[in-house]
Every structure is written in C-alpha cells, then in structure tokens.
Amino acid sequence: LALSIVENTPLRSLFDRQVELTRSLLTEKERIVRSLSRYVNSERLRYLLGSYQVDDTINFGCTSTVEYGELEYSVLYLSLLDQLDRVEQQVSLNSCTSFLEIGPGFGATMHLIEQNYPHLRKYLLVDIVPNIYLVSEYLRYIYGDAVVDYRVTCKSQSISFKPDTSLEIIIIPPWKLATVDERFDYCWNSHSFVEMSNESLKF
C-alpha cells in the first residue's frame, strides 16, 4: 500500500528529487575528497604507497576513490593506512603473530595488515550484529575458507586458533568474547567501545 501511494501520487516526484539531491551531494563530496587526496596530501600519499602494499581496495562498486600513479585506491583504505602507519611508528606490529580487532567495520584494516605483515596469521575480529555478517562476507571474498564466521562459532564453548601458521580469521559478536581461549599480541580498536556492553568491556 505504501509503495502504491508513493508511485501514484505527487510523493513520487518528491522522492525522485530527494534521490537526485542526495546523489549530487555524494558526487560533490567525492570530487572534494579526490581533489584533497590527490593534491593536498600528495607527499603523504607518496610515502604511504611507497612504504606499504595496498592492493584490491575498490571492491563492490567503491566510489570514494583517488587516482595515484595510474592506479585507483579507496579513500577509506588510505585513511586507515595513514592511521596504521602513525601507530606503527609508536608500537610496531613486526613481532606480532596474533591480532584482536574490536569494531572492524567491513574488514579493511585487517586486509591492510595481512598484506603488510605476512607473519601475522591469526586474527580475531569482534563486532555487533549485523556488522559481523558484512565483515564475514567481505573478507570471505578475499580470503575464502580462512574466514571462520559466527555460524561456526555460535555454539562453541571454547574458541581458539589452530596451533600452526595457517591464516585464520575468526569473527564473533561481543558476547562470545568470554569463550575465547587465546592471548593476543596486539589489540586494535577504533571508536567501538561505546557499542559494547559493560560485561564485554570488563572481559
């Protein structure tokens, strides 16, 4: 009924105008981001792209991109790489073999780390529902069977890695943290503690 009302009344033209306005604003935002990334931050970009491996960043129709050296990169990936490099200057990942990320989004930070720290093979990613589905499917597209999603761990009483050097990416919601039987060399968190329960934070 709602769809019929939208389609057959003046609401349709109002809806179409709103969609077009949103599209134009997004286009303008992307133009500004491209311009800033290409010119204002060119020295920083040159350093980052010369120091790190950054591949396969514009999957699934990514539109917020920047061109550099005849290649196209996701602006979000470059922003996360900038953050990663600044942290790396203080606390290096070079000696780490296991990594815990709380709030991975769709998995871009972990993707960058895996490309640049090949010795780091064990990852635990913690996020809320429905984000765990998004990150699971995005990383499964890249890493295939290395991803262990919540369908596998939901009934597990104890979650741990295999005692080998194979790549493992285990993805769980916060309430499964209590079942994790591992110690981690590195914990990464960006703006996600506010989304977790007090019980999970205490753990």
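At what angle do helix α4 and helix α5 pack, and how far apart are their axes? Here are a few notes on this predicted model, starting with that pair.

1. Helix α4 covers residues 75-88 and helix α5 covers residues 108-116; the two pack at an angle of about 60 degrees, and their axes lie 10 Å apart. Their crossing is right-handed. On the α4 side, Y77, L80, L81 and L84 make the contact, while α5 brings A108, T109, H111, L112 and I113. Sorted by character, the residues of this contact come out as seven nonpolar, two polar and no charged.

2. Y77 is worth a second look, as this residue of the α4 contact also belongs to an aromatic cluster with F60, F106, Y138 and Y141. Across the whole structure, a search finds nine aromatic pairs.

3. One pair to pull up on your screen is Y150 with W175: the ring centres are 6.2 Å apart and the planes stand at 80 degrees, over the 60 needed, so the pair is edge-to-face. Y150 sits in helix α7 (residues 150-153) and W175 in the loop between β6 (168-172) and β7 (186-189), so the pair ties together parts 25 residues apart in sequence. Y150 is partly exposed, at 23% relative accessible area, whereas W175 is exposed, at 52%.

4. Y186 and W188 make another aromatic pair, this one stacked, with 6.4 Å from centre to centre and 25 degrees between the planes. Are these two residues buried or exposed? Y186 has a relative accessibility of 9% and counts as buried; W188 is buried too, with a relative accessible area of 6%.

Notes
Residues numbered from 1 in each chain as written. Predicted model: local features only at pLDDT ≥ 70, side-chain atom pairs only at ≥ 80, totals over all residues. Heavy atoms only, no water. Axes fitted to C-alpha atoms, helices over the stretch in contact; angles between N-to-C directions. Helix = DSSP H or I, 4+ residues; strand = E, 2+ residues; numbered from the N terminus. Left-handed = near helix turned anticlockwise from the far one by under 90°. Contact = heavy atoms within 4.5 Å. Nonpolar A, V, L, I, M, F, W, Y, C, P; charged D, E, K, R; others polar. Phe/Tyr/Trp six-rings, centres within 6.5 Å; stacked < 30°, edge-to-face > 60°. Buried < 20%, exposed > 50% of the residue type's maximum accessible area, 1.4 Å probe, protein only.
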